[in-house]
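Trainee: Before I set anything up with this protein, I would like to go through its architecture with you, beginning with the whole chain and then turning to one strand.

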Amino acid sequence: MPLESPFHPRTSRICTSHSWKDWAGFLAVCRYGCSLDSEYFAIRESAALIDVTPLFKYDISGPQAETLLSRMTVRDVKKMKVGRVAYTCWCDDRGMVVDDGTVSRLDENTYRLTAADPTHHWLTRLAARYKVEIVDVTEKIAALAVQGPTSRNVLESCLDHDLSGLKFFQTMPAKIGQVDVWVSRTGYTGDLGYEVWVAADQAVQIWDAIFNAGRAHGIQPTGLDALDISRIEAGFILQGIDYFNCLRTQIESRKTTPFEIGLGWLVDLDRDPFIGQEALRKAADASKRQLVGIEVNWEDLEALYDSVDQPPQLPAQASRSSIPVYRERRQVGRVSSHTWSPLLKKSIGLATLEKDFCQPGQTVEVEHTVEFERRTVAAKVVKMPFFDPERKRKP
Amino acid sequence: MANQYDAIVIGAGHNGLCCAAYLAKAGQKVLVLERRHIVGGVTTTEEIYPGFKYSSCSYVSSLLRPWIIRDLDLPKHGYEILPLESTFTPFPDGRYLLRDADAEKTRRAVSAFSQRDAETYPQFGQAMSELGRMVKPIIDAPTPLPTSINPKDLLQTLRLGRHITGQGADWMTGLLKLGTASAVDLLSEWFESDYLIGPMSVSGIIGTHLGVRSPGTAYVLLHHYMGEIDGSYRAWGLPKGGTGAIALAIARSAESFGATVKTAAPVSRVLVKNGRATGVVLENGDQFDARIVVSGADPQRTFLGFVGKEHLESDFVDQIERFKMRGSSGKVNLALDRLPDFACLPGDGPHLRGDITIAPGVAYLERAYDDSKYGRYSRQPFMDVVIPSLSDPTVAPPGKHVMSIFVQYAPYHIAEGPENWPQQKEAFGDTVIDTLSEYIPNLKDIILHRYVLTPWDLEQEYGLTEGNIFHGELSLEQLGFLRPAAGWARYRTPLKDLWLCGSGAHPGGGIMGSPGALCAKAILEERSL
């Protein structure tokens, strides 16, 4: 039975659609009302308030916290200054990705790690003989994402700090009223946005404060369905959908290196040893597939529907069902997440393709079921992210 | 030869800009000349009161053709459409009807008035979408010319005939009815409740000088149902940054292809030499020469104003003079200190985020029309209201709002003569506010600023002859191969090298872009480019 998030007293009251799902053992809202569009557009046009508490969270402290994290993840955590947040992933000895998440350096010797899967065991096993303390704060810390172009105005009108000094991928302690919080300029939407981290027993106060401050800035409680559309537009992958935790799958072909899922840029090979380093040195040039963005040809789609005398119909929400991708009738990969982008007016997806077909501009065919029949439509490989507004990283 | 262009487009309305973008995309050296200080024409966002951005004239969109959005890569240039998902109709008796994206909720809401209507409502929607899909080939291509014996035209007419008859006899009947029936007649075949027929019938009169019971209004209703957003018909949306943002996006796209857009450059006349348009002269005397001139202005302003009767055959001049302009609507834009409170549904809620229609019944609308028949603005007008700042906070300061009120009827030809509109303007604004206050008791307390536009203002300030928002009424005798005149419905005009690309050309008004884009295509085809 899923747990209630610390924000449940608020979210349950306004979730009139009763549309919930289980996210990592927590009850999470898919959408609050009947309209997905209004929640999606809050992310892109005003401010969305998203409960992201279910992320797994670990506080790692002690003189060797830095060593532990540098050894575990593919990035060199030692380079991080206090107040920095880094997106990273970690691998097994074979260089296969376990999970991805963020590392925040809260002070000299304290870090916070977020992950999609439970990671306590992985951390403690690696931490043997290190002087570190690892605390699972998943249920102790509540997290609230405030995402969208007006998110800064929302937070500045309830925080004791202005946010002009908080750069993209930085974090800082602050107060909302009497409540201590951490604010980081991070998110899963690819837009200007922040995440607020607070002790679970003060979560409701923070929700109220941000929600009330947000009224003047068009704030809208937003569920995971809208988040899913925005993260695809931003080209963000999702563990368990676009790739798999190598420790949790028995199927060899599902295991991937960072290079195969677009995370090669995170891998810092020339440094102290870290897990998977040797394997990754070899894997760097050897990957046979890649994660790319694809864009479906609209005219083709329209013609397909026209052939059965129907207007084009697209699912109203993002889909995570895998779809085969072909080139001259031979399957060359799969689309793992796809959506109609209401902003870009395009049907887009994240796909893993054989390396030969990954150049931007390459054309492929994507399966599309129309009137219960499996057909294909043309699509082309494009550069990601699909959407990358200047405001996201602007000072 | 700095002042020499391949094409000059008069007017930076959305159609002029579309035309310019397509021409520039094909490699033509294009100059767009706009009379006002900003682009957009009536597709415009104006900050008349500091901090508040009014979509002064046009206020919602859906008709902009998806292929134009793709061809011109408009999302890249700032084109963003936010959904307008509900229709809220308050009634004077304290009841209200809220129709939104939740089909079951809408069914229950309509049931409160008529269970029968509640169940036919989705079927009507489906039928209208089908019709929308059927007429799509008509609005996405130059008009068929049923009187032409040119083989290419015959083929097009035949194809279209087959396309329509192929849908079955019922559809044929449906289409004929649409062409001739009144909006109320059409709706009465589906619904029984005045609470539904009234508000739904107004789509049939927007921008026309006709009543909801006047024959022909069923077509205008369809014209408003043709809107297509992301392949979904009948969907309406709010452009981020106001409707002006649409024009800006098209202008940026045109400029990215190399077109030049000049504002504050009012054209005074089209230069005619040896029966050809050869350029334009601005009001300040500057002259620009071009191989062709394209007018985005309405047919009367173009032919009777910029060109002059003396360059045109008299029977053509007759047709243009008879072309019905007669604007019938006005606009009131408000800056609000806080959200309005409806008496029947107080507080904030989804009902404020959609379309709000003041059209409580057929009799109310007919009485509103009666006033206008005799040269008065409606004492109790039909109003279509939106509050765009709720979805798009960029158009008002935090916590404040803008309200757009489309008002009908406000006939151009008032009894005292159109030039007397300025004396009646504020009284007209008061009437609108008074009427709306019956539904929103706190309205007068929250108004920070108001910007009233009468048909006279639409003509004088924005250049719409007689204030007609569609560059000529969308009645059947002014559509298709008759728009704007028989024999001249394919963007070409009797004056050689002069083309018409505005809403006065096929397929007509609305932020659709088709006339502009189709005109450009016709030009490029003729010049084999």
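The questions below go from the overall fold to a single strand and its partners.

Trainee: How many helices and strands does chain A have, and how compact is chain A for its length?

Mentor: Bear in mind that this is a predicted model. Chain A contains nine helices and 19 strands. The globule rule gives 21 Å for 395 residues, and the radius of gyration of chain A is 21 Å, so chain A is as compact as a globular protein of that length.

Trainee: What share of the residues in chain A is buried?

Mentor: A residue counts as buried when its relative accessible area is under 20%. Applied to the 395 residues of chain A, that criterion gives a buried share of 59%.

Trainee: Is strand 14 of chain A mostly covered or mostly uncovered, and how many of its residues are buried?

Mentor: Strand 14 of chain A spans residues 289–296, which makes eight residues to consider. The strand is mostly covered, and the number of its residues that are buried is six.

Trainee: Which residue stands opposite A:Ile294 in strand 17 of chain A?

Mentor: Strand 17 of chain A, residues 346–354, runs antiparallel to strand 14 of chain A, and seven bridges join the two. Within strand 17 of chain A, the residue opposite A:Ile294 is A:Gly349.

Trainee: In strand 19 of chain A, which residue is the bridge partner of A:Gly293?

Mentor: Strand 14 of chain A also pairs with strand 19 of chain A, residues 373–382, in the antiparallel sense and over four bridges. In strand 19 of chain A, the bridge partner of A:Gly293 is A:Val382.

Terms used: Residues are numbered from 1 along each chain as its sequence is written. Chains are lettered from A and ligands numbered from 1 in the order in which they are written. This is a predicted model: local features need pLDDT of at least 70, side-chain atom pairs count only at pLDDT 80 or more; totals for chains, interfaces and linings use all residues. Side-chain values use heavy atoms; hydrogens and water are left out. Buried means under 20% relative accessible area, exposed over 50%, partly exposed in between (1.4 Å probe, protein chains only). Two strands pair if DSSP finds at least two bridges between them. The radius of gyration is taken over C-alpha atoms; the globule rule is 2.2 Å times the number of residues to the power 0.38.
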